[in-house]
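Me: I have a model open on my screen and would like to talk through its ligands and cavities. Could you help me see what lies behind the terms?

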Amino acid sequence: MPGILVIAETSEGNVAPISYELLAAARQLAGQGAGAVTALFAGSEAQAKDLIAHGADAAVAATSASLTGGTAENYLPVVEAALAASGADIVLLGQTSLGRDLGPALAFRLKTAVAMDCVELKIAGGRLRVTRNAYGGNARAEHTWKAPLQVATVKAKQFDPLAPDSGRTGSVTVVDTAGDSRVKVLGTSKAVATGIRLEDAQIVVSGGRGLGDPSAFRMLEELSSLLKGATGASRAACDLGWYPPAQQVGLTGKTVSPNLYIAVAISGASQHMAGMAGSKNIVAINKDGDANMVKVSKFAVIDDYKKVIPALIEEVKKLA
Amino acid sequence: MCTPIGLRQQPIHRRRRRNRVNIIVCVKQIPDPETPASSFKVDEAARKVIPAQGIAPVVNPFDPQATEAALRLKDATGEGKVTVISLGPDSARDAIKHALAMGADEGVLLNDPGFEGIDNFQTAVALSKAIQKLGGADLVLMGRQAADWDMGVVPAGVGQILGMPVVTVAKAIESTPAGLRVERVLDDGFQTVEVGLPAIVSVSNEFGGPRYPQLRQIMLAARKTVQVWSAADIGLGSDETGAANRWLPLEALYVPKVESNVEIIEGDSPEEKARNLAQKLRAAKLI
Ligand SMILES: Cc1cc2nc3c(=O)[nH]c(=O)nc-3n(C[C@H](O)[C@H](O)[C@H](O)COP(=O)(O)OP(=O)(O)OC[C@H]3O[C@@H](n4cnc5c(N)ncnc54)[C@H](O)[C@@H]3O)c2cc1C
Ligand SMILES: Nc1ncnc2c1ncn2[C@@H]1O[C@H](COP(=O)(O)O)[C@@H](O)[C@H]1O
């Protein structure tokens with residue numbers, strides 16, 4: 001009996017949004033004949049109901065303390081156990097810090113491949129077929145697997161979570177196995193995020209290298225807070241130390257899909273686009289009319305941001 | 001299993017002076033990831049990228065950072081050796097030469113017609129065999145991902161194959177009596193971990209810029225040895241190489257279509273354009 005094992009993640013006691021997205025993807029595959037959906041998560045049984053309401057047929061709670069703040073090595077034995085128990089031939093993980101580590105480790109351990117950062121998944125001829133970005137987003141690649149077990153990580157914001165259905169029922173089992181890890185966690189520091197989380201914001205104002213000056217981010221923050229949004233940055237800006245890496249948008253940063261994305265002095269390299277191309281409406285503010293960001297925008301202002309942003313802030317204040 | 005050499009066998013009080021740290025760095029040559037979308041072309045039938053005219057291939061940008069990490073650790077521990085491995089076509093020799101010019105000691109090019117079209121998984125197997133043939137290492141450094149396929153799986157792969165612990169997405173690496181202390185970049189912050197040697201560490205852009213090779217070093221690098229090993233030299237069978245034996249078959253490769261429907265906001269001054277933009281956004285109920 002095949003099936004899908006979803007590696008769900010929790011953060012601060014809640015199921016992380018990516019996990020709901022994975023369940024939505026898994027239900028879609030189940031609808032195409034991929035079998036039952038089992039959600040494995042490290043946490044208490046209380047969260048199991050939530051996972052089932054969002055699409056899981058069964059939940060496996062991994063309760064070992066070593067999983068909290070652990071590394072991929074801690075997780076491998078429990079995932080292998082859940083895989084054996086569920087008989088799943090598909091494993092889905094989020095393209096998160098955990099998924100980036102655990103997905104490849106699990107795949108190699110079980111002598112199969114993992115497709116990273118998938119944007120589309122479907123069942124064709126009884127097997128998983130995925131689409132992912134390659135070459136920074138300049139190309140799309142479609143893959144299948146040679147070995148029976150198919151492991152994939154899924155990019156954030158590609159699937160809308162299902163509306164929770166509290167009428168759904170499913171079995172909940174507990175496993176307390178966990179492995180030792182040769183990688184010891186000494187400490188974790190959370191980025192201090194003020195205001196709305198980047199991934200949750202309906203409006204994002206991002207700045208790039210073209211700002212030329214880290215203090216310009218204060219201006220962008222003023223605009224985003226007036227709009228009740230969040231502030232992001234390109235990697236070039238983060239690499240210069242102008243903004244924290246946790247606020248980086250793109251292939252190796254966050255994936256956002258707000259209603260409005262305002263890109264200020266960002267050229268629109270494919271790797272940046274990979275993190276925000278799903279935005280419903282894009283506005284480019286760039287002095288170069290040929291910039292790639294301008295091409296993908298709904299509206300573009302071709303001018304110096306130093307003059308445009310203060311005037312935009314004034315006008316937004318008036319409209320408020 | 002890898003044979004640990006150096007570090008761990010040294011009595012602790014002698015470590016500073018008598019250490020010989022043996023580091024392997026894996027570097028990949030790729031099409032320039034900053035190639036503008038307009039110059040990026042794919043041969044859909046062959047499922048291959050067509051090299052862009054006039055844009056030379058480059059070293060995967062994270063890999064010189066891995067090389068930099070290796071050189072700094074070698075400097076910090078005193079004696080040691082940094083060996084660079086690249087699997088790729090003849091031109092991948094340039095990626096090795098770049099690392100040698102930065103200060104690495106020796107190079108190995110894995111080059112074989114059977115490597116054409118292989119995937120990251122077959123690459124991990126080949127690199128593991130090459131590392132074994134070199135006698136293992138205290139530390140294997142790689143980039144967090146190669147900016148062609150953007151997978152980020154080879155470090156974990158070599159770790160699983162050789163039984164070495166893996167630490168990914170490193171921002172800072174420091175040698176400690178227990179092995180290494182590594183600061184990692186997480187989705188929402190940073191994590192500090194400790195790992196014993198031998199180990200694999202993959203390096204991210206947050207590590208900081210690599211050194212630029214000086215002219216003198218470029219000339220010295222020309223004299224450093226680069227061995228060339230075929231698939232057979234590292235004990236790979238014909239059932240392990242070639243695109244036909246990919247673990248993750250490539251069924252299609254194409255350039256996604258992007259349509260442009262941009263409205264350029266008019267105005268006589270930047271201020272007027274800003275006002276017009278605000279009005280448009282309000283009319284569209286976006287703000
Ligand atoms: C594997 C890999 C992963 C990557 N991951 C990411 C990622 O996650 N996120 C990311 O962002 N990048 C990523 N990159 C980097 C990416 O390729 C680009 O280098 C980067 O996005 C460029 O940032 P930028 O647009 O801020 O800078 P630039 O490309 O330098 O663009 C600056 C822009 O500012 C404009 N400008 C300058 N002055 C003004 C002014 N006064 N007023 C208005 N406009 C002005 C310019 O016209 C230009 O368009 C990655 C690269 C690789 C290889
Ligand atoms: N062909 C190759 N030759 C040498 N090193 C490689 C090769 N492919 C991948 N690597 C190493 O593995 C890292 C991650 O690559 P990948 O898993 O392919 O994204 C790269 O940054 C390199 O350090």
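Me: What makes the pair formed by an oxygen atom of ligand 2 and a polar backbone atom of B:Val154 a polar contact?

Reply: Happy to help! A polar contact is a pair of N or O atoms within 3.5 Å (within protein, one must be able to donate a hydrogen and the other to accept it, and residues adjacent in sequence count only if both atoms are side-chain atoms). The oxygen atom of ligand 2 is 2.7 Å from the polar backbone atom of B:Val154, so the pair meets the cut-off. An oxygen atom of ligand 2 also lies 2.9 Å from an N or O atom in the side chain of B:Asn120, and a nitrogen atom of the ligand is 2.8 Å from a polar backbone atom of B:Leu87.

Please keep in mind that this is a predicted model, where local features need pLDDT of at least 70, side-chain atom pairs count only at pLDDT 80 or more, and totals for chains, interfaces and linings use all residues. Residues are numbered from 1 along each chain as its sequence is written, chains are lettered from A and ligands numbered from 1 in the order in which they are written, and side-chain values use heavy atoms, with hydrogens and water left out.

Me: How do you know how much of ligand 2 the protein buries?

Reply: Accessible areas come from the Shrake-Rupley method with a 1.4 Å probe (for residues, only the protein chains shown count as cover). Ligand 2 taken alone exposes 470 Å², and the protein buries 99% of that.

Me: Which elements give two or more residues to the shell around ligand 2?

Reply: They are β6 (79-87), α4 (120-133), β8 (139-143) and α5 (154-162) of chain B. Helices (H or I, at least four residues) and strands (E, at least two) are DSSP runs, numbered from the N terminus. A residue is near a molecule or strand if one of its heavy atoms lies within 4 Å of it; there are 20 residues around ligand 2, with B:Cys26 and B:Asp63 among those that come nearest.

Me: Why is the space taken by ligand 2 called a cavity?

Reply: On a 1 Å grid over the protein atoms alone, a cavity is a set of points where a 1.4 Å probe fits but cannot get out, and lining residues have an atom within 4 Å of a point. A molecule sits in a cavity if more than half of its atoms lie within 2 Å of its grid points. The space taken by ligand 2 is the largest cavity. Its lining has 20 residues, with B:Lys28 and B:Thr123 among those nearest its centre.

Me: What makes ligand 1 a ligand of two chains?

Reply: Ligand 1 lies between chains A and B. It is surrounded by 30 residues, and the closest include A:Arg209 and A:His272. A polar side-chain atom of A:Ser234 lies 2.6 Å from an oxygen atom of ligand 1, while a polar side-chain atom of A:Thr252 lies 2.8 Å from a nitrogen atom of ligand 1. The protein covers 89% of the 990 Å² of accessible area that ligand 1 has on its own.

Me: Where is the second largest cavity lined?

Reply: Of its 15 lining residues, the closest to its centre include A:Arg100, A:Thr252 and B:Asp187. Elements giving two or more residues to this lining are α4 (97-109) of chain A and β10 (179-186) of chain B. The largest share, 3 residues, comes from β10(B).

How values were computed:
1 Å grid on protein atoms, 1.4 Å probe; cavity = no way out; pocket = protein on both sides within 12 Å on 5 of 7 lines; lining within 4 Å.
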